[in-house]
Every structure is written in C-alpha cells, then in structure tokens.
Amino acid sequence: MACLTCSSPELEEFFLDQQLPVALVSLPGDGPPDMLLYVAVGLLVHLVFFASIFDIYFTSPLVHGMTPRFTPLPPPAKRLMLFVADGLRADKLYELDEDGNSRAPFVRTVIMNEGSWGISHTHVPTESRPGHVAMIAGFYEDVSAVAKGWKENPVEFDSLLNETRYTWSWGSPDILAMFAKGDSGNHIFTDSYDASSEDFGAHDVTKLDTWVFDHVKEFFHAARNNQSLLSKLNEDKIVFFLHLLGIDTNGHAHRPTSREYSDNIKLVDKELKEIESTVKDFYGNDGKTAFIFTADHGMTDWGSHGAGHPLETCTPFIAWGAGIRLPQKVSAQKFDDSYLQEWKLENWKRQDINQADVAPLMAALIGVPFPLNSVGIIPVDMLNTSDLFKAESMFTNAVQILEQFKVKMTQKKEATLSFLFTPFKSLSDTKQANILRKARYYIKQKKYDEAVSLCRELIDLALRGLDYYHTYDRLFLASNVVLGFVGWISYASLLIIKSHCNLTRGVSTEAKSPGRLLPCTFVAIGLFVASLLLVQACPWTYYVYCLLPLPIWCAVLREIPVIQGFVTLLLTFRPRCFLGYLLLFILGVEVLVLSFFYRYMLTAGLVAFAAWPLITPLWTRAKRTSLSWILFCLLLAVFPLLPVVGREPDIFLVVGAGLLVLLLSLFVVTSVIKRNDSFINEELVLHLLQMLSIVLSVCVAYGTHKSLLEKQGLPLLNQIVSWTILASSFVTPLLSPPVLFDRLFSILLSSMSTYLLLSTGYEALFPLVLSCLMFVWIHMEQETLQQSVVSCKQKVSTIQLACNTDVTQCRDLYLDDIRRAFFLVFFLVTAFFGTGNIASVNSFDPSSVYCFLTVFSPFKMGALIMWKILIPFVLVMCAFEAVQLTTQLSSKSLFLMVINISDIMALHFFFLIKDYGSWLDIGTSISHYVIVMSMTIFMVFLNCLAQMLTTKKLSLCGRPKSHVT
C-alpha cells in the first residue's frame with residue numbers, strides 16, 4: 001500500500017476544506033531512532049520520574065542522635081496494659097444496639113466511672129503496620145518504609161517497647177515481629193499463634209482473640225510458681241501488649257455491620273473485664289496498673305480499610321487505672337459530629353487525641369524515656385497527677401521534639417553551602433532558649449498552666465520546623481523533575497513530527513548542524529551542577545534528577561530546524577481550525593484528569609464518544625456498527641455511576657455475568673461449527689474447554705460464597721480449581737488460531753474465567769461490556785478508513801494477527817490517529833476507574849480473593865488483586881493491537897503519542913500534589929501521580945503482553961508480526 005504524502009500546502013488545504021482526516025505529513029523525513037532503544041531509554045527516564053516522588057514526598061522523617069528524655073518525677077504507674085483491637089471502629093464500640101443496650105458494657109462502665117475516653121484519629125494509610133508504629137513509636141511511618149517490609153522493621157526507629165524494662169506481647173506474628181526485631185537487651189518477649197490461623201474463611205475467627213486472652217491468663221497463673229518470672233513481673237516500667245486480630249478478620253469476612261463483628265466486640269469486652277480482674281488480683285490491687293484500650297484503624301461498611309474515610313480513621317480510645325483522670329460530667333461539649341448524641345455519652349467529657357499521642361502518654365505513665373522519633377503530644381488533660389507532673393511531662397515532651405528539630409537543622413545546614421542555606425526563621429536559637437527559660441521559670445513559680453501552654457507553643461513551632469527541613473529540597477527537586485518532564489514531552493513530540501514531516505526543506509546546512517557548541521555548553525553546565533552537588537555531599541539520586549534534564553534538552557535544541565519548520569507549517573493552517581483541534585485536545589486531557597477526582601467524568605466522556613458516529617459519515621456508511629458503538633458506550637457509561645466495587649457484593653450478579661459469557665460463547669461456537677477449514681476440530685475443542693472453564697468459575701464462585709456464608713471455610717477442591725483456572729488462563733489464548741476475532745474472543749474467555757473468581761458483585765459484568773465495546777471499536781476504526789485516502793479495507797474475520805507485515809511502512813500519521821491515541825488512554829483510565837476510585841484502590845479488601853485463599857497473606861492477596869485490576873487493561877491493549885493492524889497504523893509514532901498524553905496527565909498531577917490540608921487530600925494527590933506514572937510504565941509491559949497474547953501460537957505456525965519493533 002502506498003504511503004499518503006502531502007507534497008504541497010495546497011493539498012493540505014484541500015483536506016481541510018473537505019474536513020477529512022489530515023495527514024500530519026509533507027514528505028517522509030528521517031525515520032525515528034531504533035524503537036527498542038527509544039523504549040528502553042524512555043522506560044529508564046519514566047522510572048526516574050516515578051522514583052522522584054519518593055525522594056520528594058516519601059523520604060523518611062527519622063533522624064538519629066538525640067538524647068533520650070523522660071519526666072524527672074516518679075511515674076503514677078509501674079506497669080501498663082495496652083489492648084489493641086485491630087480494625088475496631090469507634091462507633092461500633094460506643095453505640096447502643098437496636099435494643100438500646102451496649103455491645104461493650106464493661107467499656108461503657110469504665111467510661112462512666114473509672115477513666116477517660118475519646119476518639120483516636122489515625123492517619124492515612126489506615127493499615128495495621130502504620131497504625132501500630134504511630135501508637136507505639138509516636139510517629140507516622142512514611143509509605144516508602146511500609147513498602148520495604150511487613151513483618152519486620154525496614155528502618156531503624158525507637159519505640160516505647162524498646163525503652164521498657166520488660167515487655168510481654170501476645171497476638172499476630174505480623175505485628176509482634178515488627179517491634180521484637182533487634183531487641184538487643186532481650187527484654188521483649190512475644191507469644192504468637194501460627195500465621196495459618198489468620199483465616200478469613202474459618203468457622204469462628206474469634207478464636208484469634210480467645211487464644212490471646214487464654215494465653216495471658218495462663219501466663220499470670222504460671223508466674224505464681226515461677227520465681228524468676230515473678231521477680232521480673234514485680235519490676236517497674238513494664239508493658240503488656242495484647243494484639244487482638246479477631247475483630248478485623250470478622251470485619252473483612254462478614255462486614256462491620258454483621259452479627260459476627262458485634263459478637264466479637266462483646267467477646268473482647270467480656271475478656272477485658274476478666275483480664276483486668278486477673279491483673280489486679282495478681283498485683284494485690286496495688287493501684288499501679290494503667291490500662292489503655294484502642295485500635296490501629298477502623299473499617300468501612302463494606303469491610304475494607306486503607307483510605308481516609310472517617311469510619312477508617314476514627315478509632316476508640318479508653319484509658320483507666322493508675323495516673324488516668326476519672327470521668328468528668330459536663331453539660332455541653334463542642335464537636336462537629338453528632339456522635340455524642342447517638343452514643344448517649346453527651347454528659348461524659350470526650351477527649352479526642354491523635355494516634356501518635358498514645359506513645360508519649362504511655363511513656364509518661366510508666367516513667368520511661370519518650371520514643372526518640374515521637375511527634376506525639378501528651379494529652380495532659382487525661383492525667384490524674386499533680387500539676388507539677390503535668391508541666392514537667394509537657395516540658396520533657398517539648399525538649400524531646402525540639403531535639404529532633406535541632407538534629408534535622410544541623411544535618412541540613414552541614415549539607416548546604418552557607419550562602420544557600422535558609423534557616424527556619426520562626427524558631428531561631430534565641431527563641432528556643434527564651435521559650436525554654438520562660439517555661440522553666442513558670443514551673444518554678446508554680447504557674448503550671450502557663451508552662452504547659454508555652455510548651456505546646458514550642459512543640460508546634462518545632463513540628464513546623466521539622467516539616468520545613470524535611471521538605472527543604474522539595475522545590476529544588478520538583479523543579480528539576482518538571483524540567484525533565486517538559487523536555488521529554490517536547491523531545492517525543494519532535495520525534496513524531498520529524499518522522500512524518502520534511503520540515504527542514506529550505507533550511508541551510510549550517511542551521512541544520514548545531515556543531516559542537518551546543519553539547520559542549522551542556523557538558524559545562526553538567527560539570528558545574530555536579531560540582532555543586534558534590535560540595536554539598538548530596539545523595540546520588542540528586543545527581544540523577546539534576547543531570548537528567550540536560551541531555552534531554554540538548555536533544556531538543558538540536559532539533560531547532562524541525563521546531564522552526566513545524567511552526568511555519570502551523571501558520572499555514574486556518575487559525576479557527578487549529579484552535580478548534582487544540583481546544584478539543586485540551587478538553588479531552590482535562591476530562592481524563594478530572595476523572596481521577598470524579599468518576600462521573602468518565603460517564604460524560606463515554607456519552608460524548610457515543611455521539612461520535614452521529615457527527616461523522618460513519619452513521620450513514622455503517623449504521624449497524626454505529627448503533628452497536630452507541631449501545632456499548634452507553635452501557636459502559638453506567639459503571640462509573642455505580643458505587644465503587646465491593647460496597648454492595650452480590651454473588652448473583654457474578655453468576656449472571658458468567659451466564660452471559662456462556663450465551664455469547666454459544667453464538668461463537670455455532671459459527672465455528674459452520675466453518676469448513678483445517679482449524680475446525682482444534683478451535684471447537686478449545687472453545688468448549690474455555691466454556692467449561694467459565695462454568696467451573698461460576699460454580700466455584702457460588703460454592704465458595706455459600707461455604708463461607710455457612711462458615712465452613714474455603715473448600716480445598718474449589719481452591720485447586722481456582723488456581724488451575726488462573727494458571728491455564730495464560731496459556732489457552734495461545735492455543736487459538738491467530739485470526740483476529742478468534743484470538744481476541746479466546747483472550748476474553750480466559751480473562752473472564754479468572755475475573756469471575758475475583759469478583760464479588762457487579763464488576764463481573766465490566767470486562768464483558770468493555771470487551772464488546774473493544775470489538776466494536778475495531779470495526780469502527782476500520783470503517784473510518786473509508787473516509788480517508790487509505791484503501792484496501794480488509795474484513796476483520798480474515799485478518800491474521802500473526803502476519804509478518806511491517807505496518808510502519810504502510811502509511812503515515814494522520815490527525816485521526818491522535819484521536820485513536822486519545823481513545824486508548826481514555827479506555828485505559830476507564831478500565832482502572834470504571835468500577836473503583838482512589839479510595840477503593842488504596843483500601844485492603846481481601847473478599848475478592850476468597851476463591852483462591854482465605855488465610856491472610858498480604859503479598860499473595862495483593863498480587864491477585866493487582867491481576868484483577870490489570871485484566872481490563874490487558875483487554876484494552878489487545879484490542880488496540882488489533883486496531884493498529886486493521887487500520888495500518890504507524891504504531892511507533894502512535895506509541896509515542898500515547899505516552900505523551902499520559903505524561904501530560906502526569907505533569908498535571910505533579911503540580912496538583914499537596915503537602916497541606918487533610919491527610920486524605922495529601923494521600924490522594926500523591927496517589928494520582930503514582931497511578932498515572934505506573935500506568936505509563938506498565939503500558940510498555942502491557943504492550944508486550946498484548947503482543948504475545950495476540951500474535952504467539954504454541955503450535956509455532958507462522959511468524960509473529962513485528963509492527964512495534
């Protein structure tokens with residue numbers, strides 16, 4: 001097929017007058033560099049951009065070298081019992097049931113008669129590990145540390161347990177191991193059940209909590225006859241840590257609104273009373289034991305956590321015993337929520353705290369040094385101690401946080417040239433000394449309230465200063481990353497233009513060759529920047545971020561003649577038409593960006609897509625295909641309007657989706673039987689096997705749901721079948737004939753068999769509707785060839801995916817191809833957010849993987865959930881492979897355009913990243929950037945996977961196509 005070339009402006013003007021898809025070409029110029037080299041370099045650059053977010057926003061806040069600080073007065077308690085009910089929501093503990101009775105009568109008695117209570121506000125991510133680190137170490141762990149490990153400390157930090165004389169802990173091995181690792185003093189003792197006990201499908205998961213309580217009772221009973229243990233237990237500065245996982249497990253398995261969740265709360269409340277009695281009896285009611293009951297995170301109504309919904313961030317906090325203030329009856333309280341009235345606790349003073357405040361409170365109660373990296377503030381209003389003790393504790397708290405500020409400032413000052421260093425002006429050395437001196441004076445004068453207030457002011461300034469130095473290099477690094485981003489987008493755009501336009505005609509040879517001056521200039525700039533970084537002893541990653549933009553912009557500036565020629569070409573276009581295309585492109589990108597915040601923007605985009613045939617000749621030329629396009633666009637547009645996946649599980653929708661796939665398969669099998677070719681036997685058997693796989697998936701999904709509902713666990717046969725279907729789904733598409741329709745339908749059946757096993761509700765229908773739209777899209781794009789000058793339209797049913805055609809030699813790039821690239825990006829975003837949002841992606845909900853495993857395994861479960869997310873991506877990419885082949889697209893340049901659109905979106909989100917406001921806003925803004933960058937990087941791998949699925953055949957018949965090389 002001959003390539004379309006525009007040899008004159010008159011021909012371009014003709015296409016504009018006819019409103020046809022206009023080629024962005026004049027004469028074929030120099031081809032792009034080797035595609036594999038470009039993809040490799042592009043992948044490396046995007047990995048750098050992706051990694052930059054961790055250096056800019058996710059660096060560890062920890063500093064070392066501080067002196068331990070503790071309150072210099074006798075503590076009110078010798079020992080402390082910390083109960084952490086994993087996954088317990090505040091409202092479920094405090095509220096009354098439908099009969100007006102409390103689910104936790106003992107806890108309610110404590111609130112009204114013995115101690116202080118309130119809500120502990122957690123931070124995002126609301127997961128077990130960060131929650132426990134905040135409570136026990138007093139700081140909010142950064143995401144990069146969470147990614148480094150689960151069961152042990154990936155970073156060195158101090159915790160309350162490190163500072164105790166002895167600590168005994170019982171509970172989950174996942175949590176206890178985090179704080180026991182590195183115990184140099186051999187003073188932290190752990191007792192945990194086997195990890196296999198954490199089974200979401202078990203008949204009764206309250207046994208996890210019963211195990212803990214029984215072992216604690218046995219421990220105290222055995223201690224009476226063990227003199228060595230008894231002497232240790234009679235020491236001061238000891239902690240008993242009870243981690244209770246049953247409530248979280250029941251919440252995931254049965255939802256927090258279930259009877260099982262409520263019954264587990266009742267069990268914990270009953271056992272709390274017994275443990276308190278056991279401990280008091282053991283110590284002879286000496287009044288030296290403090291008790292704290294709280295939770296690491298809450299849980300949504302649909303059984304997930306990880307995001308920032310109030311149900312996830314509001315956890316109960318009850319403290320009583322030695323050193324804790326007794327209940328205070330009040331007539332009125334000022335809170336923005338209506339919880340007090342709902343819980344019938346409006347007359348008992350509620351004192352809310354931040355989760356990190358728990359660590360310094362516990363340290364003050366038993367007289368151990370505050371955790372060195374703690375940023376928590378002691379809630380002194382909860383203390384039942386002298387005013388002097390409160391003031392001294394707050395003073396110690398202030399000095400401890402101020403020391404972190406000083407270390408951080410010193411580190412940054414030593415690593416920055418003196419003329420470039422800008423100190424935190426709100427807390428100078430003089431001001432520090434003045435505040436400390438004044439606070440100490442107030443304590444001596446017994447003006448304790450003034451001293452506490454002044455210490456709070458110092459803590460606030462120190463925390464602001466810590467944040468200032470923690471983010472000191474943020475603007476510098478972000479500017480370099482943005483510079484690299486813009487340079488890369490510009491370079492990729494120039495590659496596309498250069499590949500398809502002869503824009504350097506008439507440009508002198510001298511203008512075309514920049515000579516050695518340009519590279520020498522950039523080398524000099526690079527040496528200067530590197531020397532500045534070397535003098536300041538910056539990390540090696542700083543060199544990467546600062547030097548990477550230089551070769552990129554050098555390559556851009558080498559193409560000055562192309563830029564000049566492109567500007568000249570643009571000036572020949574009608575301004576109204578050019579502005580129209582530009583505004584349409586900007587609008588499309590903004591819709592994609594807004595869809596990350598508002599899912600209904602995807603609906604608006606799909607409705608607009610549905611109208612596409614109506615404003616083009618497609619409606620008159622291919623009415624049946626156009627009607628199918630409109631129908632499936634509107635059907636797909638319904639999904640973003642539905643609640644996010646997981647909130648309303650319905651196994652019958654999963655079964656219904658399986659039946660629809662079987663019905664569709666029957667039509668295909670009927671057509672296969674009517675064929676008379678050499679593939680008839682092999683193809684028919686394969687389709688029947690894939691139909692059997694769908695039937696098995698439906699049966700397993702329904703059977704597993706029923707078994708778990710009856711608390712009989714996950715049947716072994718179901719588990720074996722599920723893993724077998726998953727493994728076979730990667731192989732069966734490669735057995736089908738490499739004919740376009742047959743191969744794509746085989747991929748759909750294999751994907752659906754796995755997706756049904758991972759579905760809990762309406763999302764099971766999503767890949768089916770998406771695939772139907774993808775099939776229609778292939779036909780629609782082929783119909784658009786009739787509107788262009790590209791000829792020789794081939795029937796879809798006869799196209800061989802494994803042909804050895806180099807499509808890049810078929811034709812050049814057209815404006816219509818920009819629309820195709822945009823369609824691909826839009827469909828990929830729809831595949832990601834069609835059934836969920838940021839919160840649902842960030843949240844941990846294991847219910848999707850119950851057909852495969854129910855025993856808690858974060859990495860296996862995470863991998864299965866990730867594959868569920870990727871399946872719609874794979875379907876879209878496979879369809880796009882077919883679109884490239886059927887429309888003879890220049891896939892090299894098209895791939896660059898798709899990456900460019902994604903990069904423009906990523907640049908949007910880079911500017912929208914927040915480091916202020918609520919933790920939900922901050923976490924969401926960072927998640928947006930991470931998701932877009934991940935999508936850009938994964939697109940390369942998904943493209944390779946799609947090529948393998950569409951072109952390879954296990955029988956090795958024919959050679960695969962190579963239109964992306």
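In this predicted model, a good place to begin is Trp629, which counts as buried because its relative accessibility is 0%, the cut-off for that label being under 20%. Trp612 is buried as well, and these two residues form an aromatic pair whose ring centres lie 5.5 Å apart and whose planes meet at 70°, an edge-to-face arrangement. Trp612 belongs to the loop between helix 26 (600-610) and helix 27 (618-621), whereas Trp629 belongs to helix 28 (residues 623-638), so the pair ties together parts that are 17 residues apart in sequence.

Trp629 also has a second aromatic partner, Phe827, with the ring centres 6.5 Å apart and the planes at 75°, so this pair too is edge-to-face. Here the link is between distant parts of the chain, since Trp629 sits in helix 28 and Phe827 in helix 34 (residues 815-833), 198 residues apart. Phe827 has a relative accessibility of 0% and therefore counts as buried.

Both residues reappear when the nonpolar interior is considered. The largest nonpolar core has 158 residues, and among these Trp629, Phe827 and Tyr929 touch the most other members. Helix 36 (residues 858-886) supplies the largest share of this core, with 16 residues. Leaving aside residues up to four places away in sequence, Tyr929 touches Phe49, Phe50, Ser52, Ile53, Phe485, Ala906, Phe909, Phe910 and Ile913. There is also a second, separate core of 70 residues, which includes Val239, Ala322, Met394 and Leu466. In soluble globular proteins, nonpolar side chains tend to be buried together.

Aromatic rings can be followed through the rest of the model, where a search of the whole structure finds 58 aromatic pairs. One aromatic cluster is formed by Tyr166, Trp168, Trp170, Phe189, Phe219, Phe220, Phe240, Phe282 and Tyr283. Tyr283, a member of this cluster, also has Arg79 lying over its face, at 3.5 Å from the ring centre. Elsewhere, the ring of Tyr755 has the charged end of Lys868 over it, 6.0 Å from the ring centre.

A last stop is helix 22 (residues 540-547), in which Thr541, Tyr542, Tyr545 and Cys546 are buried. Why do these residues lie on the same side of helix 22? The four cover an arc of only 130° around the axis, which puts them on the same side of the helix.

Notes. Residues numbered from 1 in each chain as written. Predicted model: local features only at pLDDT ≥ 70, side-chain atom pairs only at ≥ 80, totals over all residues. Heavy atoms only, no water. Buried < 20%, exposed > 50% of the residue type's maximum accessible area, 1.4 Å probe, protein only. Helix = DSSP H or I, 4+ residues; strand = E, 2+ residues; numbered from the N terminus. Arc of directions from axis to C-beta. Phe/Tyr/Trp six-rings, centres within 6.5 Å; stacked < 30°, edge-to-face > 60°. Lys NZ or Arg CZ within 6 Å of the ring centre and 35° of its normal. Core = buried A, V, L, I, M, F, W, Y, C linked by side-chain atoms within 4.5 Å. Contact = heavy atoms within 4.5 Å.
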